[in-house]
Amino acid sequence: MEQSAAPAIRLEHVSKWFGKLKVLQDVDLTVNRGEHIVLCGPSGSGKSTLIRCINRLEEVQEGRILVDGVELRGDGRNAEDIRRHVGMVFQQFNLFPHMTALENCMLAPRRIHRIGKDEARARAMGHLERVHLADHAQKYPAQLSGGQQQRVAIARALCMNPDILLFDEPTSALDPEMVKEVLDTMVELADAGITMICVTHEMGFARAVAHRVIFMDRGEILESAPPEEFFSAPPARTRPDLPRPDPQPLRGASP
Amino acid sequence: MSYQFDFSPLLTYWPELAAGIVQTLRISCIAMVAGLVLGIALTALRMSPSRPLRWLAVSYIELVRNTPFLVQIFFIFFGLPALGLRFDATQAAVLAMSLNCSAYAAEIVRGGVQAVPKGQVEAGRALGLGTADIYRFIVFRPAIRAIYPSLCSQFVLLMLNSSLVAAISAEELTYAAQMIDNRTFRSFEIFAVVGLLYLALSQCLSLVLAAIGRAYFSYPSK
Ligand SMILES: Nc1ncnc2c1ncn2[C@@H]1O[C@H](COP(=O)(O)OP(=O)(O)OP(=O)(O)O)[C@@H](O)[C@H]1O
Ligand SMILES: [Mg+2]
């Protein structure tokens with residue numbers, strides 16, 4: 001495919017408003033294949049909005065977004081095609097409560113890839129194993145801990161064989177003792193080479209897997225640097241008027 | 001008081017009563033299923049992006065919910081033949097009950113759909129599923145579950161209101177009671193017993209609906 005030369009994701013001069021409120025200001029961003037990006041910034045800075053624009057859960061008013069070289073059409077007609085290879089993991093897990101872990105993982109492949117039950121089950125079990133939850137495949141979300149639910153959500157996204165995974169604060173809704181199991185799973189995914197954009201404040205995770213850490217405020221990208229540089233230099237985000245992300249708090253890693 | 005109670009005619013006419021019960025259950029069950037399906041369709045129209053379709057659905061729902069059921073029955077049975085639409089009494093009864101039920105069901109189902117968290121639909125979209133699949137596989141069961149008790153009371157009410165179709169001589173339990181009353185003049189006994197029969201039917205229906213709810217619309221929740 002000719003597209004294979006294109007970057008995984010490209011945002012060109014993207015601006016977005018909610019009513020009168022401008023939440024993304026002329027954002028430019030290129031994410032290469034296999035690259036891992038950590039996105040951080042204060043609350044309300046537009047991090048969620050930015051990644052939700054990539055799979056068009058939100059519409060943008062200005063600029064272009066290309067995924068694997070394919071431009072998201074303004075009318076949203078090709079949104080479904082793009083979503084099929086862009087997985088997303090939400091802060092609140094959003095598992096389907098009336099389906100078992102296994103069924104959660106089987107639905108989309110069956111409906112979209114039109115594969116049979118047995119193949120879908122085999123694929124789902126493979127990914128549940130990958131997140132170390134094969135033993136819990138028959139449980140309903142309400143019967144799983146937060147950390148387990150989030151790992152099922154990751155397995156569910158993986159079942160669509162995505163090229164790109166978007167994470168929106170995947171550990172923020174978790175009790176502290178469950179954060180590590182989810183981060184460990186994400187580190188394993190990163191090691192497997194999938195393209196990732198992850199909104200998180202887990203700076204230990206950023207140090208471990210990110211190729212670039214991006215700092216946003218008020219809808220603008222203020223800084224973008226490899227973690228070593230990001231955590232040592234005193235650039236834009238230390239402007240006195242901006243809150244500074246705590247560079248230390250990987251739970252479990254720090255005392 | 002000189003009235004001598006005599007319940008024996010009821011024994012004589014038990015086959016008519018039994019047939020009435022069966023008919024009442026039959027037309028009620030058909031109307032429940034048809035009403036729910038139509039109600040879901042109305043909900044879909046009501047939430048569609050097209051303004052005229054939404055308006056159509058809302059007008060229909062308001063019309064049905066704000067006119068007497070008996071008038072609706074009479075309109076279908078006596079009024080529609082003017083347009084060349086003729087139904088026998090049972091057909092008219094089932095049609096009136098289904099249409100009536102659909103408006104109430106639509107109102108209830110909409111509440112259920114709104115009770116499903118937005119994140120569920122977003123998760124479906126993020127997986128690449130289309131709108132129809134999202135509603136069918138992701139929204140439907142939790143939505144029905146959320147409003148299942150209200151839906152069940154609506155169904156019980158529908159079954160009780162089916163007695164009104166006796167007014168167009170559709171053969172069901174109340175019609176059978178009237179017929180026995182005309183022949184025996186045992187009004188007190190007959191309507192007391194028929195009242196109790198409706199009570200028993202409501203209880204049974206509630207039990208069956210609860211069992212269906214447990215089988216199809218329940219899942220572990222926090
Ligand atoms: N659906 C919406 N309608 C209107 N305004 C919205 C909507 N969603 C987000 N916003 C606003 O857009 C801005 C950016 O929100 P966003 O959720 O992207 O921030 P965030 O960086 O993810 O914050 P947090 O760290 O709290 O999750 C905020 O001011 C928010 O209030
Ligand atoms: Mg957010």
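Where in chain B does Y3(B) lie? Select Y3(B) and trace the chain around it: this residue is in the segment before α1 (8–12) of chain B. Keep in mind on this tour that the model is predicted.

**Chain B**

Stay on Y3(B) and add F5(B), F7(B) and F188(B) to the selection. These residues make a nonpolar patch of about 420 Å² on the surface. Y3(B) itself has a relative accessible area of 36%. It counts as partly exposed because that value lies between the 20% and 50% limits.

Now select the whole of chain B and colour it by secondary structure. The chain has 9 helices and 0 strands. Read from the N terminus on, its elements run α-α-α-α-α-α-α-α-α. Along the principal axes, the C-alpha atoms fill a box of roughly 75 × 50 × 30 Å. Of the 222 residues in chain B, 44% are buried.

**Chain A: the open sheet**

Move to chain A and show the strands as a cartoon. Here 4 strands form an open sheet with antiparallel pairing, in the order β2-β1-β4-β5. At its edges are β2 and β5 (70–71), each of which pairs on one side only.

Select strand β1 (residues 9–18) and strand β4 (residues 62–67) of chain A. The two run antiparallel and are joined by 5 bridges. For one facing pair, pick E12(A), which stands opposite R64(A) in β4(A).

Next pick H13(A), also in strand β1 of chain A. Its phi is near 45°, a positive value in a residue other than glycine. With a relative accessible area of 48%, H13(A) is partly exposed.

Go on to strand β2 (residues 21–31) of chain A and select D28(A), which is found there. D28(A) has a relative accessible area of 39% and is partly exposed. Add D26(A), E62(A) and E220(A) to the selection: together with D28(A) they gather in a patch of negative charge on the surface.

**Chain A: strands β6 and β7**

Select strand β6 (residues 86–89) of chain A. Is this strand covered on one face or on both? Both faces are covered. V86(A) and M88(A) are buried on one side, and G87(A) and V89(A) are buried on the other. In a regular strand, side chains alternate between the two faces of the sheet.

Add strand β7 (residues 164–168) of chain A. It runs parallel to β6(A), and 4 bridges join the two. To see a facing pair, show V89(A), which stands opposite F167(A) in β7(A).

**Chain A: helix α3 and the loop after it**

Select helix α3 (residues 101–113) of chain A, where I112(A) has its place. Is I112(A) buried or exposed? I112(A) counts as buried, because its relative accessibility of 16% is under the 20% limit. Then show D81(A) as well and draw a line between the C-alpha atoms. I112(A) and D81(A) are 31 residues apart in sequence and 9.9 Å apart in space.

The last stop is R114(A), placed in the loop between α3 and α4 (117–130) of chain A. R114(A) is not a glycine, although it has a positive phi of about 55°. Its relative accessible area is 59%, and R114(A) is therefore exposed, the cut-off being over 50%.

Note on methods:
Residues are numbered from 1 along each chain as its sequence is written. Chains are lettered from A and ligands numbered from 1 in the order in which they are written. This is a predicted model: local features need pLDDT of at least 70, side-chain atom pairs count only at pLDDT 80 or more; totals for chains, interfaces and linings use all residues. Side-chain values use heavy atoms; hydrogens and water are left out. Patches are made of residues with over 30% relative accessible area and no salt bridge: like charges are joined within 9 Å, nonpolar side chains (Val, Leu, Ile, Met, Phe, Trp, Tyr) within 5 Å. Accessible areas come from the Shrake-Rupley method with a 1.4 Å probe; for residues, only the protein chains shown count as cover. A salt bridge is a side-chain nitrogen of Lys or Arg within 4 Å of a carboxyl oxygen of Asp or Glu. Lys and Arg count as positive and Asp and Glu as negative; His and the chain ends are not counted. The place of a charge is taken as NZ of Lys, CZ of Arg, CG of Asp or CD of Glu. Buried means under 20% relative accessible area, exposed over 50%, partly exposed in between (1.4 Å probe, protein chains only). Two strands pair if DSSP finds at least two bridges between them.
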